[in-house]
Amino acid sequence: MDTNPPALSGFSGFSGRAAAWVMAAVALVLTLVGGLVQLRLPAEWQPQTPLSPDFGVALTFPLTGAFLVSQRPRLSIAWLICAGGLLGSGNVACTALMFHWASQGDMRAAIAARAVQLVCWAVSGLMLAVLVPLYSPTGTLSSRRWRVVVALGTVVTLAEIVLGLLRPDPDPADYPWPAVIHNPLQVRALAPYYGTVWGILQYAVQICVVAALASLALRLCRADPVTRRQIAWPLSAFALYVVLYLLGPAMWVPATVVTAFIPFTILFAALRYRLYGIDTVISRTFVTAGLLVVVGAVYFGVGAASSLFVSGYHQVAGLAAALFAGAFFQPLRRALQRVVDRALYGPVGDPALLAERLTQEVRRADPADALASVVTVVREGLAVSGVAVEITDGRPRYVESGHIGPSPREVPLVWHGEPVGRLLVGRPGATRFAAAHDERVLATLLPYVADVAHAVRMAADLQRSRERILAAREEERRRLRRDLHDGLGQTLGAMAMTINMARVNLTRSPAAADGLLRDLRVGMDAVAGDIREVVYGLRPPALDDLGLAGAVRALAEETLPAGGSGAEQGDTAPVDVAVRVEGDLAGLPAAVEVAVYRIVQEALNNVRRHARATRVRVEVTRTGAETRTEAETEAAAGPGAEVRPGAGAAAGPRAGAAAGPEAGAEDGGELRVRIADDGIGLPAHLRAGVGMSSMRERAAELGGSCTVTAPDIGGTVVDARFPLTA
């Protein structure tokens, strides 16, 4: 690799940047002078081609080169662009001044301007058309073999300058301007060969220009993906310029526009901007050109055919042509887009096709297997070394396809505003232009990936819930087995032995038998108590005896009797406990009743132990369900429960019947439980214990929620909500 820059290697520091901007300012002044002078030339002294690529060079190369020098002062192509632009501006100014002085009769000044113009034109062409492509975008040659092109271009440029300075004066009859600008250094002996030699030198220059373009193309093919994206823009601009340059002066107007655009492409490449979008430009250019050509051909072809067969009906011909062209448009656009995407990105180039494939993969598998398929599709669509998905609280938590490497790109996965994980993207693979395509693929596929990640999380949550339910069931079975075996079983075994001993002593020692039977009676009471404890552990009997409202009222009176809050700490202040019930609590699921009872029990126990409260309010409210009459609601709530007046009778005693049997079939409403006290509130550094966790888990198991908060006015509020189904 040639690391030595060509001429004008950059020198760093403030002086280098200042020199670059001075060169740009001088170039701008020369360009303005040249343009103004050319506009004021007499018609007979106007150049044969008023607008040439040199104007494009003079307008954009100096300023762009100066900016690039200010950003990368040690980059050699920055100085090539800046110096080449300055020489191009000198070419424009000297050309205009040469014709101006010649039109004024000042041939000596015109001769000097011609010599300077010749040098500026030749050296500027060498720098910008040969050396800049060879050294782009890194400032070094791709290999030492290209030194031959550098040497050939330099020799040809020197030959052009020498031959131009020794040019014989042309025949005045063939001269396109009113007077010949005399060359004092002319060699008359070159007159027969001048045109041939000059043509050979021009062909040699064209060979050097094409070779420089080929060097840039080969660099693109052999480079890594990042460098390919750098080279793509300048390569496209240089390729278009070379085509227009080879077509000759007839294409100099579009060549001027392309030439003015070239330094900006080099600027993008040298500063390594990440999103070049060159693949988008190429794709849309080819698709648009194909549509214009084919649709135009169809339109004019059908129009011509219709005119032949339907003579004299031009309206019919135009309508038929428009209909045929419109029918071909959309299928042709899709076909061209598929061809271009396949050429640019391979068989996985179309993001829409990737999304369709991903959808099919998701439909055929469960969330865990679908995630592996999704990762594979994304990796193939991005053409990267590897892709991985990391899911928060998922099973599996991490799925990888390929190898993402040590520093992958991280893309957050968000499902309806909720972060569910992240997508890790490895290094780009061997695709041609990956940057803009990667962004399109990510924008298209990320919602699908987030959906699958969310599904994996939900499946994991469901599985964990099942595991907790199974564990709780097995733990309850183990407790029942232990209670029955160690307690009730041992007691029954002892009672059986007592019965046998009583039978033995019944005839010979009635007193001893009577004592044994009395012990047996006491043991039976103990067995009844044990059985009662087992049954109470399964479901509080108060729920069956009193209903939910009555059980909550009884629980409140039992847990917080008058003078009870904080009694364990010696606080004997009376507690005002009130229970309020709204809505119909009859017909609730058994699991909901037990969960509400246990949450109220735990909350009241916390009030008794820690709150030091003087007032506690327990509210149980059901909303969204059919209501009953006030009397029925009060009866269902149990004695002493507070019922809002009119809660059930607001619509009349037959409101529930009027609603019909279908009312509430889809939604059973919501049950809300609220326990509020005026105690000391929550501690500053709260650590959730077993009780609070138990309340939250009981609500979550039924699809509800439970929160414990401390309002600004003081105290503690436990708020639990349970969704109900009809």
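Where is His 416 found? I began with this residue in the predicted model, and I located His 416 in the loop between S3 and S4.

**Entry 1, the turn.** I looked up the backbone of His 416 and noted a positive phi of about 50 degrees, although the residue is not a glycine. I then asked whether His 416 counts as buried or exposed. Its relative accessibility is 72%, and because exposed means over 50%, His 416 counts as exposed. The surroundings are a hairpin formed by S3 and S4, with 2 residues between the strands, and His 416 lies in that turn.

**Entry 2, the strands around S4.** I followed the pairing outward from the hairpin. Strand S3, residues 409-415, pairs with S4 in the antiparallel sense over 7 bridges, and for Leu 413 I found Gly 421 as the bridge partner in S4. S4 itself covers residues 418-425, and strand S1, residues 386-391, also pairs with S4 in the antiparallel sense, over 5 bridges. On that side I noted that Glu 390 has Arg 422 as its bridge partner in S4. I kept in mind that side chains in a regular strand alternate between the two faces of the sheet.

**Entry 3, H15 against H16.** How do the axes of helix H15 and helix H16 cross? I read off that the axes of H15 (residues 541-559) and H16 (residues 590-611) come within 9 Å and cross at roughly 5 degrees. Angles under 35 degrees count as roughly parallel, so H15 is roughly parallel to H16. On the H15 side the contact includes Leu 543, Leu 548, Val 552 and Leu 555, while on the H16 side Val 596, Tyr 597, Val 600 and Leu 604 are among the residues that take part. I also listed Thr 559 of H15, and Glu 593 and Arg 608 of H16, as members of this contact. By class, the residues of the contact divide into 11 nonpolar, 3 polar and 2 charged.

**Entry 4, after H16.** I went on to the loop between H16 and strand S6 (615-623), where Arg 612 is found. Phi of Arg 612 is near 55 degrees, again a positive value in a residue other than glycine.

**Entry 5, the whole protein.** I closed with the overall values, starting from 19 helices and 10 strands. Of the 726 residues, 43% are buried. Among the contacts with a separation of 6 or more, 73% are accounted for by residues 24 or more positions apart. The accessible surface comes to about 37900 Å², and 61% of this surface belongs to carbon and sulfur atoms.

Technical notes: Residues are numbered from 1 along each chain as its sequence is written. This is a predicted model: local features need pLDDT of at least 70, side-chain atom pairs count only at pLDDT 80 or more; totals for chains, interfaces and linings use all residues. Side-chain values use heavy atoms; hydrogens and water are left out. Axes are lines fitted to C-alpha atoms, for helices over the stretch in contact, and angles run from 0 to 180 degrees between N-to-C directions. Angles under 35 degrees count as roughly parallel, over 145 as roughly antiparallel, 65 to 115 as roughly perpendicular and the rest as oblique. Contact means heavy atoms within 4.5 Å. Ala, Val, Leu, Ile, Met, Phe, Trp, Tyr, Cys and Pro count as nonpolar, Asp, Glu, Lys and Arg as charged, and the others, Gly among them, as polar. Two strands pair if DSSP finds at least two bridges between them. Buried means under 20% relative accessible area, exposed over 50%, partly exposed in between (1.4 Å probe, protein chains only). Accessible areas come from the Shrake-Rupley method with a 1.4 Å probe; for residues, only the protein chains shown count as cover.
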